[in-house]
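Biologist: Could you walk me through this structure at a pace that suits a first-year student? I would like to start with the overall layout and then go into some details.

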Amino acid sequence: MTEANAISTEPSAADRSGPDRTRTVVHLVRHGEVLNPDGVLYGRRPGYHLSDLGRQMADRVAEHLADRDIRFVASSPLERAQETATPIAKSHSLDITTDDRLIEAENVFEGKTFGVGDGALRRPGNWRHLINPFRPSWGEPYIELVVRMMAALAAARDAARGHEAVAVSHQLPIWIVRSHVERRRLWHDPRRRQCTLASLTTFTFEGDRMVSVGYSEPARDLVPPHLLVGAQQRFGRGSVKGVKGFGA
């Protein structure tokens with residue numbers, strides 16, 4: 001069994017016992033642009049809020065979802081995620097449920113600038129954190145990300161059963177859980193993550209069984225061009241029974 005297959009996406013016992021065709025949709029939303037004038041890897045550090053542009057992105061996502069049947073809104077506890085969730089929740093007259101499982105991935109380089117010539121990588125003492133990209137050695141293990149994000153998805157699905165839910169999170173957790181569902185390897189090139197700012201990665205369930213994954217960028221025109229590198233939709237290899245693949 002590979003790491004990417006470590007958690008089953010097969011129907012639950014409840015699904016197997018009867019034809020539960022209840023359709024539920026969960027949108028995992030990445031937060032908008034963050035005000036970060038020092039260019040640090042902010043990770044889980046408090047005090048990092050949306051920029052003015054990021055707030056525009058959040059409003060755009062709220063407009064995009066305004067006519068959807070949203071019954072539940074959850075968010076990572078970090079400010080940038082809460083601020084992205086706020087206009088979505090407001091447009092549906094809902095409160096925001098804070099779910100710690102949606103938080104950003106842990107990273108040893110948090111709070112530092114990250115680069116070879118001018119950041120943390122110029123110090124040999126940090127190189128030991130780069131020895132294993134498959135786990136990875138610099139932060140929260142990918143499989144632990146999968147476990148908590150799958151649990152957060154299930155909680156949002158159950159809270160909005162028969163309707164739609166929104167859960168605001170962060171790029172790496174969203175990409176890793178999607179990679180797991182689509183049965184791709186979890187280690188990857190960060191530049192190729194299809195999860196741009198204020199994007200939606202949408203999971204559709206019949207009963208407890210996940211049947212499809214979709215991706216959209218309602219605020220794409222607001223995203224700085226250099227952050228769109230690698231974000232183009234790519235269809236290709238990799239799919240799960242009943243789940244559409246978007247390539248690696």
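Modeller: One term is needed before we begin: two residues are in contact when they have heavy atoms within 4.5 Å. With that in hand, among contacts in the protein between residues at least 6 apart in sequence, 70% join residues at least 24 apart. Please keep in mind throughout that this is a predicted model.

Biologist: OK, and how many helices and strands does the protein have?

Modeller: There are five helices and six strands, and if you read along the sequence they follow the pattern α-β-α-β-α-β-α-β-α-β-β.

Biologist: What share of the residues is buried?

Modeller: Of the 248 residues in the protein, 50% are buried. The protein exposes about 11,900 Å², and carbon and sulfur atoms supply 51% of that area.

Biologist: Let's turn to the sheet. In what order do the strands sit?

Modeller: The six strands form an open sheet with mixed pairing, in the order β3-β2-β4-β1-β5-β6. At the edges are β3 (residues 96–98) and β6, each of which pairs on one side only. Neighbouring strands of this sheet are turned against each other by 25° on average, if direction is ignored.

Biologist: Which strands run parallel to β4, and over how many bridges?

Modeller: β1 pairs with β4 in the parallel sense over six bridges, and Arg-30 stands opposite Ser-169 in β4. β2 also runs parallel to β4, joined by five bridges, and here Ile-70 stands opposite Glu-164 in β4.

Biologist: And how do β5 and β6 run?

Modeller: β5 and β6 run antiparallel and are joined by seven bridges. As an example of this pairing, Phe-203 has Val-213 in β6 as its bridge partner.

Biologist: Back to β4 for a moment: why is it described as largely enclosed?

Modeller: The reason is that six of the six residues of β4 are buried, so the strand is largely enclosed by the rest of the structure. Both of its faces are covered, with Glu-164, Val-166 and Val-168 buried on one side and Ala-165, Ala-167 and Ser-169 buried on the other.

Biologist: What about the helices, say α5: how many of its residues are buried?

Modeller: In α5, 11 of the 11 residues are buried, so this helix is also largely enclosed by the rest of the structure. Among the buried residues of α5 are Trp-175, Arg-178 and His-180.

Biologist: What do the buried residues of α5 pack against?

Modeller: They pack against β1 (23–30), α4 (142–159), β4 (164–169), β5 and β6 (209–216). After α5 comes Arg-183, which has a positive phi near 60°.

Biologist: Which strands does α2 lie across?

Modeller: Helix α2, residues 52–65, lies across β1, β2, β4, β5 and β6, and runs at about 30° to β5.

Biologist: Changing topic, where is Ser-199, and is it buried or exposed?

Modeller: Ser-199 lies in the loop between α5 (171–181) and β5 (200–206). Its relative accessibility is 1%, and because buried means under 20%, Ser-199 counts as buried.

Biologist: What does the side chain of Ser-199 reach, and which residues further along the sequence does Ser-199 contact?

Modeller: The side chain of Ser-199 reaches the backbone oxygen of Thr-196 at 2.7 Å. Leaving aside its neighbours within four places in sequence, Ser-199 is in contact with Leu-28, Val-29, Arg-30, Tyr-215, Ser-216 and Glu-217.

Biologist: You mentioned a positive phi earlier, so which value does Ala-198 have?

Modeller: Phi of Ala-198 is near 60°, which is a positive value in a residue other than glycine. Ala-198 lies in the loop between α5 and β5, and it is buried, with a relative accessible area of 1%.

Biologist: And Ser-93, is that residue buried or exposed?

Modeller: Ser-93 counts as exposed, at 71% relative accessibility. Ser-93 sits in the loop between α3 (79–91) and β3, and although it is not a glycine, it has a positive phi of about 55°.

Biologist: One last residue: where is Glu-144 found, and how far is its C-alpha atom from that of Ala-105?

Modeller: Glu-144 is found in helix α4 and counts as partly exposed, at 43% relative accessibility. Its C-alpha atom is separated by 9.6 Å from that of Ala-105, while the two residues are 39 apart along the chain.

Terms used
Residues numbered from 1 in each chain as written. Predicted model: local features only at pLDDT ≥ 70, side-chain atom pairs only at ≥ 80, totals over all residues. Heavy atoms only, no water. Helix = DSSP H or I, 4+ residues; strand = E, 2+ residues; numbered from the N terminus. Buried < 20%, exposed > 50% of the residue type's maximum accessible area, 1.4 Å probe, protein only. Areas by Shrake-Rupley, 256 points an atom, 1.4 Å probe, with all protein chains shown as cover. Polar contact = N/O pair within 3.5 Å; in protein donor to acceptor, adjacent residues only side chain to side chain. Pairing = 2+ DSSP bridges. Axes fitted to C-alpha atoms, helices over the stretch in contact; angles between N-to-C directions.
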